[in-house]
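Please walk through the charged and aromatic contacts of this protein, and say where the residues involved sit.

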Amino acid sequence: MSKRSSLIQGYKDPAAYLYVDWTRKTCNENGFSFSLLKVYREEIERHILAANENDDVDGIIVYYPVFNSRQDQYLQQLIDVKKDVEGLSHRYVFNMYQNIRFLDEQKLQKSILPCTPLAIVKILEYLKVYNTILPYGNRLFGHSITIVNRSEVVGRPLAALLANDGACVYSVDITDVQQFTRGKGIKKDRYDVVELDGWTLKDCVPLSDVVISGVPGDAFKFPTHLLKEGAICINFSTEKVS
């Protein structure tokens with residue numbers, strides 16, 4: 001693999017530094033050069049714009065949260081789409097929800113997906129949940145999946161990805177349950193969302209052969225007695241123990 005230069009920008013956040021270490025390790029293992037630029041958050045905008053114009057930089061990662069407000073969304077959209085390796089720019093987000101998988105008509109350049117939802121997809125592929133006999137894009141057909149999280153960072157994108165791959169997805173939030181599907185026989189090009197009035201975990205978990213949870217903190221305990229036998233369970237949240 002030819003070496004490419006990646007610019008990594010960070011701020012003083014202990015969790016971000018852990019992410020930095022793993023990013024550095026992965027870059028080194030795959031033949032990418034890694035450069036960490038530590039700047040104050042007020043300077044990040046200027047450095048992103050400079051990296052966009054720098055031909056020696058092929059990829060840009062900003063470690064969020066920076067301002068922990070809508071200003072972070074502004075920073076995400078500043079990154080040149082050709083250098084956005086996290087899939088956070090509007091074009092990639094739009095493609096993900098619209099089930100547009102490639103950037104070109106020749107289907108040579110895949111649209112980039114956000115890292116945590118993509119990691120869960122890779123886990124499901126490894127566990128053979130995806131049926132490789134079925135056509136690409138339909139390989140979760142026949143599976144029912146419950147996701148306990150509907151955040152804009154992980155839960156909702158993940159529900160869209162899995163539904164676009166053919167699954168019947170139950171997206172559970174604090175107040176309601178939504179069903180993401182491509183319709184009967186997965187005939188639609190992209191998923192639709194239906195509100196399931198009155199539904200709770202008691203209704204969707206027993207129907208699901210995959211359950212994915214992402215609720216941080218110790219206030220929520222998943223009702224494991226609702227799981228059906230043989231269900232695959234994945235948790236992507238953590239809890240700090242003092």
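**Charge pairs and ring pairs**

Asp 21 has a relative accessible area of 43%, so Asp 21 is classed as partly exposed. The model is a predicted one, and Asp 21 is a starting point for its charge pairs. Asp 21 takes part in a salt bridge with Arg 24, in which the closest N and O atoms are 3.2 Å apart. Both residues belong to helix α1, which covers residues 14-29. Because Arg 24 and Asp 21 are 3 residues apart in that helix, about one helical turn separates them. Arg 24 is also partly exposed, because its relative accessible area is 30%.

A search of the whole structure gives 10 salt bridges. Side chains of opposite charge can pair when their charged atoms come close. One of these bridges joins Arg 150 and Asp 176, with 2.9 Å from N to O. Arg 150 is in the loop between β4 (144-148) and α6 (155-164), while Asp 176 is in the loop between β5 (168-172) and β6, so this bridge ties together parts that are 26 residues apart in sequence. Is this pair buried or exposed? Arg 150 and Asp 176 are both buried.

A further salt bridge is formed by the side chains of Asp 192 and Lys 188, at 2.3 Å from N to O. Asp 192 is partly exposed because its relative accessible area is 32%. Lys 188 has a relative accessibility of 40% and therefore counts as partly exposed. Returning to Arg 150, salt bridges with shared partners join Arg 150, Asp 173 and Asp 176 into one network.

The aromatic rings come next. A pair of aromatic rings is described by the distance of the centres and the angle of the planes. Over the whole structure, 4 aromatic pairs are found. Among them is the pair of Phe 180 and Tyr 191, which is stacked, with 5.2 Å from centre to centre and 20° between the planes. Phe 180 is part of strand β6 (residues 177-181) and Tyr 191 of the loop between β6 and β7 (192-195), so the stacked pair ties together parts that are 11 residues apart in sequence. Phe 180 and Tyr 191 are both buried. Another pair, Phe 220 with Phe 222, is edge-to-face: the centres are 6.5 Å apart and the planes are at 75°. Phe 220 is partly exposed, because its relative accessibility is 27%.

The surface also carries a charged feature. Which residues form the negative surface patch? Glu 53, Asp 55, Asp 56 and Asp 58 form it. Asp 56 belongs to the loop between α2 (44-53) and β3 (59-62). With a relative accessibility of 57%, Asp 56 is classed as exposed, because the class begins over 50%.

The last residue to locate is Pro 65, in the loop between β3 and α3 (70-78). Pro 65 is partly exposed because its relative accessible area is 37%. How far apart in space are Pro 65 and Ile 174? From C-alpha to C-alpha, Pro 65 and Ile 174 are 23 Å apart, and in sequence they are 109 residues apart.

Terms used
Residues are numbered from 1 along each chain as its sequence is written. This is a predicted model: local features need pLDDT of at least 70, side-chain atom pairs count only at pLDDT 80 or more; totals for chains, interfaces and linings use all residues. Side-chain values use heavy atoms; hydrogens and water are left out. Patches are made of residues with over 30% relative accessible area and no salt bridge: like charges are joined within 9 Å, nonpolar side chains (Val, Leu, Ile, Met, Phe, Trp, Tyr) within 5 Å. Accessible areas come from the Shrake-Rupley method with a 1.4 Å probe; for residues, only the protein chains shown count as cover. A salt bridge is a side-chain nitrogen of Lys or Arg within 4 Å of a carboxyl oxygen of Asp or Glu. Lys and Arg count as positive and Asp and Glu as negative; His and the chain ends are not counted. The place of a charge is taken as NZ of Lys, CZ of Arg, CG of Asp or CD of Glu. Helices (H or I, at least four residues) and strands (E, at least two) are DSSP runs, numbered from the N terminus. Buried means under 20% relative accessible area, exposed over 50%, partly exposed in between (1.4 Å probe, protein chains only). Rings of Phe, Tyr and Trp (its six-membered ring) pair if their centres lie within 6.5 Å; planes under 30 degrees apart count as stacked, over 60 as edge-to-face and the rest as tilted.
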